[in-house]
Amino acid sequence: SSESGLGNMGQANYSAAKEGIVGLTRTTARDLGRYGVRCNAIRPRAATRMTISDEMKAAAQRGGAAGMSLEAFAKQFPPEAIGPFVTWLCTDEAANINGRTFLVAGRQISLYTEPVWESTIFGESEWTVDKLSAIMPRSLGAGLRNQWPAQAPKE
């Protein structure tokens, strides 16, 4: 999969495809786990021809990207750092790991949480827009904010 699946500006199609891999991973794990087949997803963060290409360097410069240079990124996140964890997942020691998603980035390995319901509401009858408008602001919608609000255009 990819961290881009979690949301990456200008790449809705790529993000959707990468999250499709996570869905396929979970379904494969559930369907085949009873037969001893394991399926896990990796979101690798690594310097590859795609991430440190001349085009990416130019885009970073155009966007005024702050933070780590592409050269530093390449040094911190070499692609060969991904292999040991992928290989380990194939060992007997990892037999209990199935249907999970991991980030592997340089010396970092992270386990993502599984999607779970945060809260639930039940209606006394079928929902209508009016009923939802009355209950959502004080129940499921309470405190929710747009994480990516529209930005004013630059002048």
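Colleague: What makes strands E2 and E3 count as paired?

Modeller: Two strands pair if DSSP finds at least two bridges between them, and four bridges join E2 (residues 101-105) to E3 (residues 108-111). The criterion is therefore met, and the two strands run antiparallel. One bridge partner is known by name: Ala-105 stands against Gln-108 in E3. The hairpin has two residues between its strands, and Gly-106 there takes a positive phi near 60°.

Modeller: The model is predicted, so local features need pLDDT of at least 70 and side-chain atom pairs count only at pLDDT 80 or more, while totals for chains, interfaces and linings use all residues. Residues are numbered from 1 along each chain as its sequence is written, and side-chain values use heavy atoms, with hydrogens and water left out.

Colleague: How do you know which elements the protein chain holds, and in what order do they run?

Modeller: Helices (H or I, at least four residues) and strands (E, at least two) are DSSP runs, numbered from the N terminus. By that rule the protein chain has five helices and three strands, in the order α-β-α-α-α-β-β-α.

Colleague: How do you know whether the length of helix H1 agrees or disagrees with its number of residues?

Modeller: The expected span is 1.5 Å times one less than the number of residues. For the 21 residues of H1 (residues 12-32) this gives 30 Å, and the end C-alpha atoms are 30 Å apart, so the two values agree.

Colleague: Which residues of H1 are called buried, and why do they count as lining one face?

Modeller: Buried means under 20% relative accessible area, exposed over 50%, and partly exposed in between (1.4 Å probe, protein chains only). Ser-15, Lys-18, Val-22, Thr-25 and Ala-29 are buried in H1. Viewed down the axis, the buried residues fall within an arc of 75°, taken from the directions from the helix axis to the C-beta atoms, so they line one face. On the other side of H1, Ala-12, Asn-13, Ala-16, Leu-24 and Arg-30 are exposed.

Colleague: What covers the buried residues of H1?

Modeller: Contact means heavy atoms within 4.5 Å. The cover includes strand E1 (41-45) and E2.

Colleague: What makes E2 largely enclosed by the rest of the structure?

Modeller: Five of the five residues of E2 are buried, so the description follows. Thr-101, Leu-103 and Ala-105 point one way, whereas Phe-102 and Val-104 point the other way. In a regular strand the side chains alternate between the two faces of the sheet. E2 is also joined to E1 by five bridges, and these two strands run parallel.

Colleague: Why is Arg-43 called buried?

Modeller: Its relative accessibility is 3%, which is under the 20% limit, so Arg-43 counts as buried. Arg-43 is found in strand E1 and stands opposite Leu-103 in E2. Not counting residues up to four places away in sequence, Arg-43 touches several residues, including Ser-1, Glu-3, Val-22, Phe-102 and Tyr-112.

Colleague: What makes the approach of Arg-43 to Glu-19 a polar contact?

Modeller: A polar contact is a pair of N or O atoms within 3.5 Å; within protein, one must be able to donate a hydrogen and the other to accept it, and residues adjacent in sequence count only if both atoms are side-chain atoms. The side chains of Arg-43 and Glu-19 are joined at 2.8 Å, so the distance lies within the limit. The side chain of Arg-43 also reaches the backbone oxygen of Ser-2 at 2.6 Å.

Colleague: Is Ser-2 buried or exposed?

Modeller: Ser-2 has a relative accessible area of 10%, so it is buried. Ser-2 is found in the segment before H1. Among its contacts, leaving aside neighbours within four places in sequence, are Tyr-14, Lys-18 and Ile-42.

Colleague: Why does Ala-94 count as buried, and where does it lie?

Modeller: At 0% relative accessibility, Ala-94 counts as buried. Ala-94 lies in the loop between helix H4 (83-89) and E2. Leaving aside neighbours within four places in sequence, Ala-94 is in contact with Arg-38, Trp-88 and Leu-89. Arg-38 is 56 residues away along the chain, and the C-alpha atoms of Ala-94 and Arg-38 are separated by 9.3 Å.
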